[in-house]
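The following report goes through a single protein chain, beginning with its aromatic side chains and moving on to its surface and overall make-up. Please keep the sequence and the coordinates in view while reading.

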Amino acid sequence: GSVGQPILDTDSETMSVVDGIIFLSKDETVRMMAMILSSMFCGTAVVGQILCTKNPNAKEHRWLPNIDTHAHKRKWEIWALCYGVFWMSCFAAIIGFEMYTWFGKWHYALVLGGLAAPL
């Protein structure tokens with residue numbers, strides 16, 4: 001269909017998942033979004049491979065800092081990881097339950113200020 005035109009007649013029979021995927025694959029917007037997302041993923045993978053150096057000493061290569069030499073940094077990293085999950089969960093709940101539809105400017109200030117305060 002053209003822009004602004006409904007491309008699915010909801011009064012007709014229901015579609016299977018496979019038919020739905022085939023139907024979406026024919027939509028120009030969906031194809032463009034898939035191409036953009038694929039490009040972003042591939043670009044990130046390529047840049048990651050270029051920028052990440054290989055450490056010859058694999059025992060020293062850690063995802064989190066060494067607890068013996070950088071205990072304070074490790075504590076911060078663990079806190080930031082946990083808080084990141086909490087922060088994303090809050091936004092997922094706000095979006096998933098459509099709470100944003102009744103948020104005013106003070107609601108946004110309280111929610112966003114409250115989430116940013118610990119940082």
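## Aromatic pairs

In this predicted model, a search of the whole structure finds six aromatic pairs. One of them joins Trp-102 and Phe-103, whose ring centres lie 5.2 Å apart with their planes at 85°, and because planes over 60 degrees apart count as edge-to-face, that is the class of this pair. Phe-103 also takes part in an aromatic pair with Tyr-108, again described as edge-to-face, with 5.3 Å from centre to centre and 85° between the planes.

The residues named in these two pairs can also be described by their accessibility. Trp-102 has a relative accessibility of 51% and therefore counts as exposed, the cut-off being over 50%. Phe-103, at 13% relative accessibility, counts as buried because its value is under 20%. Tyr-108 has a relative accessible area of 37% and is partly exposed, since this value falls between those two cut-offs.

## An aromatic cluster

Ring pairs also link a set of residues elsewhere in the sequence: Trp-76, Trp-79, Tyr-83 and Phe-86 are joined by them into a cluster.

## A nonpolar surface patch

Which residues make the nonpolar surface patch of about 390 Å²? The patch is made by Met-32, Met-35, Ile-36 and Met-40. Of these residues, Met-35 can be placed in helix α2, an element that spans residues 28–51.

Met-35 has a relative accessible area of 48%, and is therefore partly exposed, as this value lies between the 20% and 50% cut-offs. It also meets the condition on accessibility for patch residues, because that condition asks for over 30% relative accessible area.

## Fold and overall surface

The protein contains four helices and zero strands, and from the N terminus on its elements follow the order α-α-α-α. Helix α2, with residues 28–51, is the element in which Met-35 lies.

Of the 119 residues in the protein, 8% are buried, and Phe-103 is a residue that counts as buried. The accessible surface of the protein comes to about 10,500 Å², and carbon and sulfur atoms account for 68% of that area. As for contacts along the chain, when those between residues at least 6 apart in sequence are considered, 31% of them join residues at least 24 apart.

Methods:
Residues are numbered from 1 along each chain as its sequence is written. This is a predicted model: local features need pLDDT of at least 70, side-chain atom pairs count only at pLDDT 80 or more; totals for chains, interfaces and linings use all residues. Side-chain values use heavy atoms; hydrogens and water are left out. Patches are made of residues with over 30% relative accessible area and no salt bridge: like charges are joined within 9 Å, nonpolar side chains (Val, Leu, Ile, Met, Phe, Trp, Tyr) within 5 Å. Accessible areas come from the Shrake-Rupley method with a 1.4 Å probe; for residues, only the protein chains shown count as cover. A salt bridge is a side-chain nitrogen of Lys or Arg within 4 Å of a carboxyl oxygen of Asp or Glu. Helices (H or I, at least four residues) and strands (E, at least two) are DSSP runs, numbered from the N terminus. Buried means under 20% relative accessible area, exposed over 50%, partly exposed in between (1.4 Å probe, protein chains only). Contact means heavy atoms within 4.5 Å. Rings of Phe, Tyr and Trp (its six-membered ring) pair if their centres lie within 6.5 Å; planes under 30 degrees apart count as stacked, over 60 as edge-to-face and the rest as tilted.
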